[in-house]
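Good morning, colleagues. I would ask you to look at the sequence and the model together while I speak.

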Amino acid sequence: MLKLLAAEWMKSRTRWLPYVLLLFLIIGAAIQIWLFGGVAYVDERGSIDEYGVPSAFTFRWPYAILPLLDAGQYWGPVFIAFFVASAVATDFGWGSVRLSIARGVTRTQFLAAKLLTTALISAVGMLFALAVGIMFSLIATPLFEDPVKYVGVNPEPSVSEMPLMVARATLAIVPYGMLAFMLAVLSRSTAMGATGVLAYKLIESTAVSGFGELGGNWERLQNLFIEHHASALLAVNKAGYPDYNTIAFRAVPDPADTPDPWLAVLMLVAFCIVFGAASFASFARRDLNSRE
């Protein structure tokens with residue numbers, strides 16, 4: 001199994017797509033800190049009151065951890081979906097699946113190695129982009145210093161809280177990666193795995209908002225969608241801290257409009273289990289023809 005994991009890691013390292021996606025993540029972090037933070041702050045600081053303005057809390061450390069995680073939680077699923085779908089479906093196109101199984105690798109081992117490797121590379125990439133964003137924040141904070149005394153008026157995220165914040169954001173992303181994994185395994189197509197997640201995010205965003213507006217029993221249908229539960233973890237991360245600018249194209253959810261965080265955790269884990277079980281069950285029964 002270790003040799004299989006090493007082989008999968010080597011294959012992923014030699015592909016160009018992970019590096020392109022990582023570059024886009026870093027560009028996103030730069031836009032978040034420098035454009036939505038620093039540049040906007042220069043334009044807005046004349047209107048700063050005792051509580052500051054959102055742009056100030058977008059680039060200043062340690063507040064910047066919040067918008068960085070917010071943006072990562074929103075855009076991360078898209079980039080991970082493209083990477084996971086490509087990594088999984090490419091092996092069907094190249095015939096790697098059939099060749100590996102013919103050499104004695106079990107189907108469970110093959111798919112488990114693929115899942116673990118893509119999860120590890122995705123985690124490394126996202127954490128690296130977050131680290132670069134934090135570095136940008138540390139550089140920007142003294143550059144845009146202002147004598148207005150807003151620091152201390154609002155609570156600052158503590159170092160001890162940050163790992164938990166990162167864990168919440170990560171858990172909100174993982175189900176989308178598992179969805180991409182399942183779609184790629186079922187369809188054997190990169191396009192289906194990637195665009196399927198994009199289509200799902202579009203549908204669920206509309207559905208969650210619509211059911212929330214309808215209220216009553218319709219509102220309960222929100223529980224069927226990943227975003228509804230992911231928003232609960234984002235709300236916990238944001239609770240009590242100042243507003244900030246974000247490149248995520250949605251408002252930061254109000255804790256009063258989201259489910260209980262512990263229920264959200266259970267539901268997100270349940271989504272992952274369902275998608276993983278469907279992937280392994282389908283792959284175990286599949287006939288591997290010459291095209292694969």
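Let me begin with a term: a residue is called buried when its relative accessible area is under 20%, exposed when that value is over 50%, and partly exposed in between. With that cut-off, D70 is buried, because its relative accessible area is 0%. I shall return to D70 shortly.

Please keep in mind that this is a predicted model. The mean pLDDT of the protein chain is 84, and 83% of the residues score at least 70. Confidence varies among the elements: helix α7, residues 162–187, has the highest mean pLDDT, 94, whereas helix α5, residues 96–102, has the lowest, 59.

Next, the overall architecture. The protein chain contains 11 helices and 0 strands. It has 292 residues, of which 50% count as buried. The accessible surface comes to about 14300 Å², with 68% of it supplied by carbon and sulfur atoms. Among contacts between residues at least 6 apart in sequence, 82% join residues that are at least 24 apart.

I turn now to the interior. In soluble globular proteins, nonpolar side chains tend to be buried together. Here, the largest nonpolar core has 41 residues, and those with the most contacts inside it are V84, L179, V197, I226 and F275. Two or more residues of this core come from each of α2, α4, α6, α7, α8, α10 and α11. Which of these gives the largest share? The answer is α7, with 10 residues. A second, separate core has 23 residues, including Y41, F59, A64 and A169.

To look at one member of the largest core, consider V84. Apart from neighbours within four places in sequence, V84 is in contact with T118, S122, G177, A180 and F181.

A further buried position deserves a look. H229 lies in helix α10, and its relative accessible area of 0% makes it buried. Leaving aside neighbours within four places in sequence, H229 is in contact with N223, P259, A264, M267, L268 and F271.

Now to the salt bridges, of which the count is 2. In one of them, the side chains of D70 and R250 meet, at 2.6 Å from N to O. D70 belongs to helix α4, residues 65–94, and R250 to the loop between α10 and α11, so this pair ties together parts that are 180 residues apart in sequence. The two partners differ in their setting: D70 is buried at 0%, whereas R250, at 27% relative accessibility, is partly exposed.

The other salt bridge joins D243 and K238, whose closest N and O atoms are 3.3 Å apart. Is each partner buried or exposed? D243 counts as exposed, at 52% relative accessibility, while K238 is buried, with a relative accessible area of 12%.

Let me move on to the loop between α3 and α4. P62 lies in this loop, and a cis peptide bond with an omega of about 10° joins W61 and P62. R60 also lies in the loop between α3 and α4, and a relative accessible area of 8% places R60 among the buried residues. What separates R60 from T141 in sequence and in space? They are 81 residues apart in sequence, but 4.9 Å apart in space, C-alpha to C-alpha.

There is also a backbone feature in the loop between α7 and α8, where R188 is found. Most residues other than glycine have a negative phi, and most peptide bonds are trans. R188 has a positive phi of about 60°, although it is not a glycine. R188 is partly exposed, at 31% relative accessible area.

Finally, the surface. W16, V20, L23, F24, I27, I31, L35 and V39 form a nonpolar patch there, with about 760 Å² of accessible area together. One of these residues, I31, is found in helix α2, residues 17–44, and counts as partly exposed at 33% relative accessibility. Helix α2 is also among the elements that give two or more residues to the largest core.

To close, I would draw your attention again to two points. The salt bridge between D70 and R250 ties together parts that are 180 residues apart in sequence. Helix α7, which has the highest mean pLDDT among the elements, also gives the largest share of the largest nonpolar core. Thank you for your attention.

Key:
Residues numbered from 1 in each chain as written. Predicted model: local features only at pLDDT ≥ 70, side-chain atom pairs only at ≥ 80, totals over all residues. Heavy atoms only, no water. pLDDT = per-residue confidence, 0-100. Helix = DSSP H or I, 4+ residues; strand = E, 2+ residues; numbered from the N terminus. Patch = residues over 30% accessible without salt bridge, like charges linked within 9 Å, V, L, I, M, F, W, Y side chains within 5 Å. Areas by Shrake-Rupley, 256 points an atom, 1.4 Å probe, with all protein chains shown as cover. Salt bridge = Lys/Arg side-chain N within 4 Å of Asp/Glu carboxyl O. Buried < 20%, exposed > 50% of the residue type's maximum accessible area, 1.4 Å probe, protein only. Contact = heavy atoms within 4.5 Å. Core = buried A, V, L, I, M, F, W, Y, C linked by side-chain atoms within 4.5 Å.
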